[in-house]
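Colleague: Before this model is discussed at the bench, I should like to understand the reasoning behind the terms used to describe it. Please take me through them one at a time.

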Amino acid sequence: MKRNLFWLAIALLAAAVYFGLLVTIGDQYLHADLSLGLPVVARTLVAFLGGLAAVVILLIADDFSNLSRPKALGIAGVVFLLIGSYFGLFVAPPEQFMGETQRIMYVHVPTAWFALVAMTLAFAAAVVFLFGGNHEWDARLEASIEVGVVLAFLLCCQGAIWAKPTWGVWWDWDPRLTTTAVLLFAFLGILALRKFVDDPHRRAMWSAVATIIAYVDVPIVYFSVKWWNSLHQQQSSPNTVSKPFWIPLRANAFGILLLMMAFIMLRSRITALRLKHELAPPPALDEAELGEAV
Amino acid sequence: MNGVVTGGWNFVVAAYSVTGLVLLIYGVTIITRLRDEISRAAKER
């Protein structure tokens, strides 16, 4: 990975963590104003856009040569998840109506965000591959889809565990849940498709086209709670989430963001190595072997 | 019935456990597959 771009991504992540998390910790526990004069909306925007920009830079700049950087991102992700889970389980108060079960939100919501982000990275990789034909983007596509599928599966499990005590059922064919299940199986289908195609060029082309078609479901998942009458609650914003809930939610969000990127970067190296083997020219035959072949 | 969910710690513990387990298992499978792929590539060289 280009060294300067990696450190630019880390700087953006640091800014996102500062304005998204540290300012809130300072406000709630240290009684110190660390906001540098920025209002809540601006801080949230910096955290959101800084995190997303870092993800895009890490994806673009990764040339599959270095293992220590994805490992470091993964370790940082685990640390954030441990901090977020500690606050979510032991520090944050129970919610007024959902009581203790609301603590599930601190892992469920970040998982949902980054399942959709991983699918979006897969979509971007598919578009770039179709325009450029560079198989590095095919490796990134496969990695993003697989990580997105794992997060979408986890999302459905967490959702079912939340649904039982709050709705009384493990599953309901509600618009949000149904479109999420469709998303999971559509991207799972693309992974299956890749297993059945031996030619790497065709495999990359077909899965890029299939990814673009499957991605149509992502905005439908996001807007399903607004478009249809859904049991699932609508998206939250800093205005609709109480301040004591911010730290566990945001710490876990940074944790899953970092883990997602670590997983995608490590997983894309597996595909890149396999593609290198598949795309390598066949070894030259010596004269004796050539005679036998003829 | 007052519209407030009572109890529920078992569901909370289940959700966090499933999250940790799925992420851990997936992380381990990635590292294992990457090691296998690296050693296969090294043998071919």
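**Domains, packing and exposure in a predicted model**

Modeller: The C-alpha centres of domain 1 of chain A and domain 2 of chain A lie 21 Å apart. Please bear in mind throughout that this is a predicted model. Domain 1 of chain A covers residues 1-61, and domain 2 of chain A covers residues 69-280.

Colleague: What makes domain 1 and domain 2 of chain A count as being in contact?

Modeller: Two residues are in contact if their C-beta atoms lie within 7 Å. By that criterion, 14 residues of domain 1 of chain A touch 14 residues of domain 2 of chain A. On the domain 1 side, helix H1 (3-30) and helix H2 (40-61) of chain A each supply at least two residues. H1(A) gives the most to that side, with 7 residues. By class, the domain 1 side has 9 nonpolar residues, 5 polar residues and no charged ones.

Colleague: How is the secondary structure of chain A made up?

Modeller: Chain A has 10 helices and 0 strands. Its C-alpha trace spans about 80 × 45 × 30 Å along the principal axes. Of the contacts in chain A with a separation of 6 or more, 81% are between residues 24 or more positions apart. Of its 294 residues, 43% count as buried.

Colleague: Why are H5(A) and H7(A) called oblique to each other?

Modeller: Helix H5 (135-167) of chain A and helix H7 (residues 200-215) of chain A pack at an angle of about 50°, with their axes 10 Å apart. Roughly parallel requires an angle under 35 degrees, and roughly perpendicular one of 65 to 115. The angle of about 50° fits neither range, so H5(A) and H7(A) are oblique. Their crossing is left-handed. From H5(A), the contact uses His135(A), Asp138(A), Leu141(A) and Ile145(A), while H7(A) contributes Pro200(A), Ala204(A), Ser207(A), Ala208(A) and Thr211(A). These residues comprise 5 nonpolar, 3 polar and 1 charged.

Colleague: What is chain B, in structural terms, and how does chain A meet chain B?

Modeller: Chain B has 1 helix and 0 strands. The C-alpha trace of chain B spans about 70 × 15 × 5 Å along its principal axes, and 18% of its 45 residues count as buried. Across the interface, 29 residues of chain A are in contact with 24 residues of chain B. On the chain A side, two or more residues come from each of helix H3 (68-91), H5(A) and helix H9 (246-279). That side has 16 nonpolar, 7 polar and 6 charged residues.

Colleague: Why is H9(A) described as roughly parallel to H1(B)?

Modeller: The axes of H9(A) and helix H1 (residues 9-44) of chain B cross at roughly 30° and come within 10 Å. An angle under 35 degrees counts as roughly parallel, and H9(A) is therefore roughly parallel to H1(B). The crossing of H9(A) and H1(B) is left-handed. Among the residues that meet there are Leu259(A), Phe263(A) and Arg267(A) from H9(A), and Leu23(B), Tyr26(B) and Glu37(B) from H1(B). By class, this contact has 11 nonpolar, 2 polar and 6 charged residues.

Colleague: What makes the phi of His31(A) and that of Phe64(A) worth pointing out?

Modeller: Most residues other than glycine have a negative phi. His31(A) is not a glycine, yet has a positive phi of about 55°. Phe64(A) likewise is not a glycine and has a positive phi of about 65°. His31(A) lies in the loop between H1 and H2 of chain A, whereas Phe64(A) lies in the loop between H2 and H3 of chain A.

Colleague: How do you know whether His31(A) is buried or exposed?

Modeller: His31(A) has 7 other C-beta atoms within 10 Å. The limit for an exposed residue is 12 or fewer, so His31(A) is exposed.

Colleague: Into which exposure class does Phe64(A) fall, and why?

Modeller: Phe64(A) has 19 other C-beta atoms within 10 Å. A buried residue needs 20 or more, and an exposed one has 12 or fewer. The count of 19 lies in between, so Phe64(A) is partly exposed.

Definitions and conventions. Residues are numbered from 1 along each chain as its sequence is written. Chains are lettered from A and ligands numbered from 1 in the order in which they are written. This is a predicted model: local features need pLDDT of at least 70, side-chain atom pairs count only at pLDDT 80 or more; totals for chains, interfaces and linings use all residues. Helices (H or I, at least four residues) and strands (E, at least two) are DSSP runs, numbered from the N terminus. Ala, Val, Leu, Ile, Met, Phe, Trp, Tyr, Cys and Pro count as nonpolar, Asp, Glu, Lys and Arg as charged, and the others, Gly among them, as polar. Axes are lines fitted to C-alpha atoms, for helices over the stretch in contact, and angles run from 0 to 180 degrees between N-to-C directions. Angles under 35 degrees count as roughly parallel, over 145 as roughly antiparallel, 65 to 115 as roughly perpendicular and the rest as oblique. A crossing is left-handed if the near helix is turned anticlockwise from the far one by less than a right angle, and right-handed if clockwise. Domain bounds come from an automatic or database domain assignment.
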